[in-house]
Amino acid sequence: MSDASPTFSRPASAVRQTLVVAATQLKLMWRERRLLWLALTLLLLAGASVTTGAARLAQQAQERQIVAEQEAGLWDSQGTIDPHAAAHVGRAIPAPVRPLAALDPGITDFVGTSVFIEGHAQNPARHRPVDAGTALSRFDGFSAAWALQVVAPLLIILAGFASLSGDVARETLRQELGSGASAHVLIGGRLIALATASLLLVLALLAVSLPGMVGRTLGTADITALVAMFAAYALYLLVFCAITIGVSARFSAARTSLVVLLGFWVVATLLAPRVAPALAESLYPTPTAPAFRAAVTEDAEHGADGHDPADKRLDALKAEMLARYQVKDVDDLPVNFRGVALEFAEANSTETYNRHFERIYATYQRQAITQRAFAALSPTLALQAASRALARTDFPAQLAFLRGVEDYRYRLIQALNLEVKQHKAANGSKHLADIATLTRSVAYSPQQPPLGHIAAAQSVNFAILLAWVLLALGLVFTSARHLGSAP
Amino acid sequence: MSSLSIAGHEIRRLLRDRALPVLLGLLVVLAAYAAWNGSAWVGQREAAISLINAEEQDARDRSRGFVGKAPSVLPRVQPVLPPGPMAALSIGQADAYPYTADVVALGDRSQLLRHVWSDIGNPAVQAAGRFDLAFVIVFLLPLVILATTFDLWSRECERGITALVLSQPIAAGRLIAVKALARGAIVLLPALAIIIAVAAGSGATRPSGLAVLALIVLAYGSFWLALAVLIGCFARRTTEAAIAAGALWLLIVVMAPSLVLAAVNLMVPPPSQMQLATALKAQLADTARQQQLRHAAASPATRSPAPRIADAVRVAYADLVQADQAIAPLIAAHTEAEDARRQALDRARLLLPSVAVQDALDRLAGSDADRALAFQQQVLAYWHARRQLHKDYLDRDVPQTLAEYDALPRFEFQDTAGALQRGVLIDLAALAVATLLLLIAAWSMRRRLATP
Amino acid sequence: MLTATHLVKEHGTHRALDDVSFTVRPGEIFCLLGANGAGKSTTIKLFLGFLEPTSGSAEVDGLSAWQQPHEVRRRLLYIPENVALYDELTGYENLDYFARLAAVEQRSSARLKDALRSAGLAPEAFGRRVGLYSKGMRQKVGIALAIIKEARALLLDEPTSGLDPTASAEFHELIVRQRDRGTAILMATHDLFRAREVATTIGLMQAGRLCRTLDASTITANDLESLYLEEMSRSA
């Protein structure tokens, strides 16, 4: 028989063969109705969650708008009173609503939705959505983000664990190898098929969720963030695809593959996200609220090192002012000493509170970094952090809000105190001023950190996801080589 | 073939399976960590409470010096809700309700909980969900049970052994029931022992409490066993059974409760706390303004002989009472809306076995909503009593004495619900009903079982 | 041409194959007869390059199966005991897929259908899902692949186990046709009678050794049976 048979022309390129394998695998997945139904159910549920979430957010935004207007009205209608009294009346500042929270609610239900600003104190945010619930409130975990982080990997595992392990799959593989295709082509094709299916799932989820969110206007920043989130989730699901194929190639018994993969899934998506934060907190604990308040009060009264009580400092200030203006009595000063004292007290307490709060925030940061170390066990931790950051539903986003509010509060209260300081009143009475005109120039202008900042902060998490992808692909490669020589 | 020999055979086979000790070992590790976590949280809560008590004692001592100089000296009291004896079991709703209050006799109602900060722990940690023993029981125990029982029927169906077995004179229904019970016993009893031991180790040592805990775990375990039997009726192949088990776990433990919660939130949305705070502020400001105008217009009447306690004090008190009456309807409306929502949530739990168990464990641990609300009721009553004391001093027109000051009643929370409270019984009943429904469904499919 | 030269395969201390040598020339059918565990499947796996020989070589057209597996697999076709096809694809789709993997250039629809017809598959079955095929029908798809691949060698592992007499006869007719076209065929089986009917040479395998090599044309069925039993009992 001649060697140059016309049917044996140049071997088809490996790439083309890989695509053939991938196409066939996708066709098989499509015809395997059970998994398709599961995926559709997931899409439906996730889509429903996004739509209801978006409706809830719209309603929240409306409510906060109303409250902000009411508070502004109440503040302005105080009329002509002692400016310092207004500092005690206070004002509530509602937090902004994050449009992407419909996809990834993050911690929004666990942080306060408004801050009450007043003089002499810095209050934490209050009115958390989780307050006043019952046992059922603890089950509020299902969101589109959770579906992609936990359920989609499970679907991938169920779709792929038997693609290369189990009697039937191994036999078919042997036949395919016997036909002349290389192991890398066969395994690569299956990986591409699984990855394509998961990519389609993410795209479908996006398509299903967008109509629900279109009601609110999404700015370019939000859309860019959405694209970045999509990229992160695509990488994450690719990790699971590769691990599934790699494990399936490694073990010839389907049962073993399933057990190993499910074990990894339970640890990575269910256990690690719960254990890591708890362990991080026990390593870097935060003080309880009573302890915190006690420390702040003590600090403000007695000075940072306990030797410099506030009274003494005020006395020193009084003496210094008397000397400066060369008068004997506070009433002879050109400024109202009450205002000076109020200014000083406010600056003192603000500085004290800030110091203590910053310490707490630093502890949170250290906890977050410790948690990130656990991402060595679970890619879900890296993705969760990145997804929340991009949706602006993590703590740094809340912190930006809190700092903006505190800045406004300080400016507002000091404006009131300045008014008192600059106007001396007749003996025994207090200077009155119209609060509305007085504080009109002090505006609350919340600043959102730009997307570039967030992306930079999340670069470590993206790097971790990439590392996982490389690790998983490495597993596929070594399993493929192992399989190619001994199927 | 007697049921006992079937059971014995099943147990022997399961004991040879290497998966069982691994699963139980994992359960030990996770349950131990969860219990440690729970007891650490309780320790933190107790430390915070002792700080609050010290603060209160401090305020009491300091105010003592004012007795006699003012008509009534009622120092600020900070009532606390102590953690229950089994609190390490479940953190539950303990973070969602205030555990302390600010009782200032001459303050208004809105001040009771205004400056009470909820814990300033990391919200990301709370958002992740608490890793307490309740989490292990509600979420992880079913996985352990399903992992050992999901293929109790399908494994043999696949190998063709079922055909052999059923060609003997034995009823399929009895066979699967005995197998399920045998497997259930072998996995549930050790799991129960682990959970009880670990709970006792974490400080929840009350015998009645541990007995109720055992009851809850057994009831929940039986539910999942019944589910495994139902899976056996449907799934002939092991991969099918595995997928069915996983899908059912996800559905029952995660998705259904979440969807029901979303539905309740849509139908009975929570009233806005933000709007209440603003409305209260507006109302109080309004009332204060009116009172100011009234006092400026009317001249104070002078009585003769002049009373020992100045009338200005009485006028101030009357103003206070009026302000409270003005905001009472707003608070009442809000409370009613909150109660309606809580009721809807409570009713919904009867449809969801996992939520029923969570609720039962919360009640056992004393971290449920009802106990927190009872605390708020008792605080309110105490505050009213405090007010009444002040009014009594005013009425008899004699200032407070030191002896009376020292005899001022302190706040002590009264635990009204025992271990086997009504809520827990309802939860157990709901579980029993669910298990029964599953068994009825399985029984109706016994013909399917009998044809391998 | 298939050549085994002093082929030895050890798994740890166990010798699966012990110094096996034989040649299958084009147009010949070599039947390996033996009980389960004799080493027949191991021999076939060595020719496929799925296993590495401990010593000796398995060559196809002078190419070493272990060192150049791709070249070797392009020249031959392997039909295992249970022809593993994708249940959710039709017979036609399966053939198309495997033909692509085998890098067969001319895969026109007509050619594929021709191959299936030549293999004996009824045209109504082309578009039916393989999950509904009988074992015989699956094997015909395997043969169709050999036809379209124009494989120079066929490796068959227990091809007629589980087939009814008609299907078994049909199958043998097909491989005889392949033999007549010049394909070298290595067939592992324990169907003594069919082996004698189609084989050119018969090799008796027991405990990894090729005990006897016989010319099929010079032996009767009865003799073959007694020889077989004798060999089996001797080595037992």
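Q: What share of the 236 residues of chain C counts as buried?
A: A residue is buried if 20 or more other C-beta atoms, placed from the backbone, lie within 10 Å of its own, exposed if 12 or fewer do, and partly exposed in between. By this criterion, 46% of the 236 residues of chain C are buried. The model is predicted: local features need pLDDT of at least 70, side-chain atom pairs count only at pLDDT 80 or more, and totals for chains, interfaces and linings use all residues. Residues are numbered from 1 along each chain as its sequence is written, while chains are lettered from A and ligands numbered from 1 in the order in which they are written.

Q: How many helices and strands does chain C have, and why can it be called as compact as a globular protein of its length?
A: Helices (H or I, at least four residues) and strands (E, at least two) are DSSP runs, numbered from the N terminus. Chain C has eight helices and ten strands. The radius of gyration, taken over C-alpha atoms, is set against the globule rule of 2.2 Å times the number of residues to the power 0.38. For chain C the radius is 18 Å, close to the 18 Å given by the rule for 236 residues, so the chain is as compact as a globular protein of that length. Along the principal axes, its C-alpha atoms fill a box of roughly 50 × 40 × 30 Å.

Q: What domain does UniProt place on chain C?
A: UniProt positions are given in the numbering used here, feature names are shortened, and annotations may be inferred rather than shown by experiment. An unreviewed UniProt entry places "domain: ABC transporter" at residues 2–232 of chain C. This span is 38% helix and 27% strand, and its end C-alpha atoms lie 26 Å apart.

Q: Which pair of chains has the most contacts?
A: Two residues are in contact if their C-beta atoms, placed from the backbone, lie within 7 Å. Of the two pairs of chains that touch, A and B have the most contacts. Here 55 residues of chain A meet 62 residues of chain B. The elements of chain A that each supply at least two residues to this side include α2 (33–76), α8 (254–283) and α11 (337–373). Helix α2(A) gives the largest share, ten residues. With Ala, Val, Leu, Ile, Met, Phe, Trp, Tyr, Cys and Pro taken as nonpolar, Asp, Glu, Lys and Arg as charged, and the others, Gly among them, as polar, this side of chain A divides into 33 nonpolar, 14 polar and eight charged residues.

Q: How many residues of chain A and chain C take part in their contact?
A: Chain A contributes 26 residues and chain C contributes 24 residues. On the chain A side, α1 (14–31) and α5 (167–179) are the elements that give two or more residues, and α5(A) has the largest share, eight residues. The residues on this side comprise ten nonpolar, eleven polar and five charged. Chains B and C have no contact with each other, and their closest C-alpha atoms lie 16 Å apart.

Q: Which strands are joined by bridges to β3(A)?
A: Two strands pair if DSSP finds at least two bridges between them. Strand β2(A) runs antiparallel to β3(A), with four bridges, and I93(A) has V115(A) as its bridge partner in β3(A). On the other pairing, β3(A) is joined by two bridges to antiparallel β4(A), residues 121–122, where E118(A) stands opposite A121(A). Two residues separate β3(A) and β4(A) in a hairpin, and H120(A) in the turn has a positive phi of about 65°. Four of the five residues of β3(A), residues 114–118, are buried, so this strand is largely enclosed by the rest of the structure.

Q: Is R392(A), with its positive phi, buried or exposed?
A: Most residues other than glycine have a negative phi. R392(A), not a glycine, has a positive phi of about 60°. R392(A) lies in the loop between α12 and α13 (395–422) of chain A and counts as buried, with 26 C-beta neighbours inside 10 Å. In chain C, D61(C) has a positive phi near 55°. D61(C) sits in the loop between β4 (55–60) and β5 (63–64) of chain C and is partly exposed, with 17 other C-beta atoms within 10 Å.

Q: What confidence scores accompany the model?
A: The model scores ipTM 0.88 and pTM 0.87. For single residues, pLDDT is the predictor's confidence, from 0 to 100. Chain A averages 87, with 95% of its residues scoring at least 70; chain C averages 87, with 99% scoring at least 70. Among the elements of chain A, α10 (residues 310–325) has the lowest mean pLDDT, 82, and α12 (residues 379–391) the highest, 95. Over residues 1–10 of chain A the pLDDT is below 50, and this stretch has ten contacts in the model beyond near neighbours in sequence.
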